[in-house]
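Let's take a walk through a protein model together. Keep the 3D view open beside the text, and turn it as you read.

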Amino acid sequence: MATTNTSGRRKTAVARIYLKEGSGNITVNDKDYKVYFPTLPLQYIVNQAIETSNQAGKFDVLVNVKGGGITGQAEATRLAIAKALVELDPEVKPALRAKGLMTRDSRMVERKKPGRRKARRRFQFSKR
């Protein structure tokens, strides 16, 4: 089997993955995913697409991820893995779509507006 590569994005994080048959190893930026994503919720997010499609332990995943924060990177990785699994076996797509794993979350940070402290935060008003 050849290597399947896809990408996933979330906020400003971009994950490029290379999926091939193997023993279930997930490597993120040359580290084991349990080292790169130290908390259990992030590890669950990364594994969610593989577990939902009942393909655990069948594929090795090599991930290059950059940008954004650690949660955005985990969710970008999840989307990329889901897209790669569908590319290999289109029959898993309904199960992944039912869990919401095939949709790119397009929400981004709102820009800061001039004359304000943050995007929507106004300065304190005091009437003396």
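In which helix is Ala82 found? Ala82 is found in helix α3. Keep in mind that this is a predicted model. With a relative accessible area of 0%, Ala82 is buried. Who surrounds Ala82? Leaving aside its neighbours within four places in sequence, Ala82 is in contact with Ala49, Leu96, Leu101 and Met102. You can also try a distance on your screen: Ala82 and Gln55 are 27 residues apart in sequence, and from C-alpha to C-alpha they are 11 Å apart in space.

Now look at the helix around Ala82. Helix α3 has 19 residues and reaches 27 Å from its first C-alpha to its last, close to the 27 Å expected at 1.5 Å a residue. Of those 19 residues, 14 are buried, so α3 is largely enclosed by the rest of the structure.

Next comes the sheet. In what order do the five strands of the open sheet stand? The order is β1-β2-β5-β3-β4, and the pairing is mixed. At the edges stand β1 and β4 (31–32), each with a single partner strand, so one side of each is left without a neighbour in the sheet. Helix α3 (residues 70–88) packs on this sheet, where it touches β1, β2 and β5, and its direction makes about 145° with that of β1.

Let's cross the sheet strand by strand, starting from β1. Strand β1 (residues 4–10) and strand β2 (residues 13–21) run antiparallel and are joined by seven bridges. These two strands form a hairpin with two residues between them, and Lys11 in the turn has a positive phi of about 55°. To see the pairing for yourself, find Asn5, whose bridge partner in β2 is Tyr18. Tyr18 also stands opposite Leu62 in β5, which takes us on to the next pair. Here β2 and strand β5 (residues 59–66) pair in the antiparallel sense over eight bridges. Another place to look along this pair is Glu21, which stands opposite Phe59 in β5.

How do β3 and β5 run, parallel or antiparallel? They run parallel, and three bridges join them. Val28 is a handy marker here, as it stands opposite Val63 in β5. Val28 also stands opposite Lys31 in β4. Strand β3 (residues 26–28) and β4 pair in the antiparallel sense over two bridges.

Between β3 and β4 there is a loop, and Asn29 is found in it. Most residues other than glycine have a negative phi. Asn29, however, has a positive phi, near 50°. At 24% relative accessibility, Asn29 counts as partly exposed.

Now turn to another helix. Helix α2 (residues 40–52) has 13 residues and reaches 17 Å from its first C-alpha to its last, close to the 18 Å expected at 1.5 Å a residue. Where is the kink in α2 centred? The kink, of about 40°, is centred on Val46. Val46 is also one of the buried residues of α2, and others among them are Leu42, Ile45, Ala49 and Ile50. The buried residues of α2 pack against β3, α1 (33–36), β5, α3 and α4 (93–98). You have already met one of these residues, since Ala49 is in contact with Ala82.

One more residue of α2 is worth a stop. Is Gln43, placed in helix α2, buried or exposed? Gln43 is buried, because its relative accessible area is 10% and buried means under 20%. A polar atom of the side chain of Gln43 lies 3.0 Å from the backbone oxygen of Phe37. Not counting residues up to four places away in sequence, Gln43 touches Tyr33, Lys34, Phe37 and Pro38.

Our last stop is Asn54, which lies in the loop between α2 and β5. Asn54 has a positive phi of about 55°, although it is not a glycine. At 64% relative accessibility, Asn54 counts as exposed. Before you close the view, go back to Ala82 in helix α3, and compare its 0% relative accessible area with the 64% of Asn54.

Conventions. Residues numbered from 1 in each chain as written. Predicted model: local features only at pLDDT ≥ 70, side-chain atom pairs only at ≥ 80, totals over all residues. Heavy atoms only, no water. Pairing = 2+ DSSP bridges. Helix = DSSP H or I, 4+ residues; strand = E, 2+ residues; numbered from the N terminus. Contact = heavy atoms within 4.5 Å. Axes fitted to C-alpha atoms, helices over the stretch in contact; angles between N-to-C directions. Expected span 1.5 Å × (residues − 1). Bend = angle between axes of the 7 residues up to and from the residue. Buried < 20%, exposed > 50% of the residue type's maximum accessible area, 1.4 Å probe, protein only. Polar contact = N/O pair within 3.5 Å; in protein donor to acceptor, adjacent residues only side chain to side chain.
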